[in-house]
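User: Please take a close look at one helix-to-helix packing in this model, and set it in the context of the whole chain.

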Amino acid sequence: MQDFALIAAAHFLALLSPGPDFFLVARSALAQGWRGAVGACLGITLANGVFIVAAFGGVAVLHPGSTLFLAVQLAGCAYLLYLGWLFLRHAGKSHLDALPATGKAHWRAGMGMGFLSAILNPKNALFYVSLASVVASRQTSSGWTLAYGAWMVCAVLAWDMAVALAIGNAALRQRFARALPALERLSGAMLILLAALLLLHVAGSA
């Protein structure tokens, strides 16, 4: 349960830092309201689900102790360290000034845009492979692995929908902007902690 809390918290904190997906949802919500942003939210969630299944399924078929498994773990460790460093370095430099989109795109078009935005972002793939490496290093059961994946898919959808609902509210947007630097620093520290735990496990099993 402690491992689940750590992985789930790291994943959710990573969602809080604005990226391409965040601004796509923001633009859709500003232009069409939260209902107009539903398609983008679903597309982003679907793409994340593809990455989660591929990452956790791919790591599951690797034999523990093999050279390939070790390489995946070290690559995941390096990426988590890099991502954590970026969060800490750029904390407070993100701006929530997304511009409204033009036109009234159908929700299916928004879903396509959301899917492409997330599936073409290599950071998403690397992030999930990194988390999958941590989970695999803890010898997690298939049941808990499924729980991790379900949580992450639900968290992505819930967060994107929350953004869509709140982004049109100027007061809420300003409050989030004030809290963003602290959230980015917390995210960076959590990702570095995950990397350190994975590195300790790799060193101990070598």
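Analyst: What follows describes the packing of one pair of helices, after a short account of the protein around them. The model is a predicted one, and its protein has eight helices and zero strands, so that the order along the sequence reads α-α-α-α-α-α-α-α. Of the 206 residues in the protein, 42% are buried, and among the contacts between residues at least 6 apart in sequence, 90% join residues at least 24 apart.

The pair in question is helix α1, residues 2–16, and helix α7, residues 142–166, whose axes lie 10 Å apart and make an angle of about 25°. Because angles under 35 degrees count as roughly parallel, α1 and α7 are described as roughly parallel to each other, and the crossing of α1 past α7 is right-handed. On the α1 side the contact is made by D3, F4, I7, A8, H11, F12, L15 and L16, which meet W144, A147, Y148, W151, M152, A155, V156 and W159 of α7. Sorted by class, the residues in this contact are 14 nonpolar, one polar and one charged.

As for the cysteines, a search of the whole structure finds zero disulfides. C154 has a relative accessibility of 52% and therefore counts as exposed, since the exposed class begins over 50%, whereas C41, at 0% relative accessibility, counts as buried.

Methods: Residues numbered from 1 in each chain as written. Predicted model: local features only at pLDDT ≥ 70, side-chain atom pairs only at ≥ 80, totals over all residues. Heavy atoms only, no water. Disulfide = S-S within 2.5 Å. Buried < 20%, exposed > 50% of the residue type's maximum accessible area, 1.4 Å probe, protein only. Axes fitted to C-alpha atoms, helices over the stretch in contact; angles between N-to-C directions. Helix = DSSP H or I, 4+ residues; strand = E, 2+ residues; numbered from the N terminus. Parallel < 35°, antiparallel > 145°, perpendicular 65-115°, else oblique. Left-handed = near helix turned anticlockwise from the far one by under 90°. Contact = heavy atoms within 4.5 Å. Nonpolar A, V, L, I, M, F, W, Y, C, P; charged D, E, K, R; others polar.
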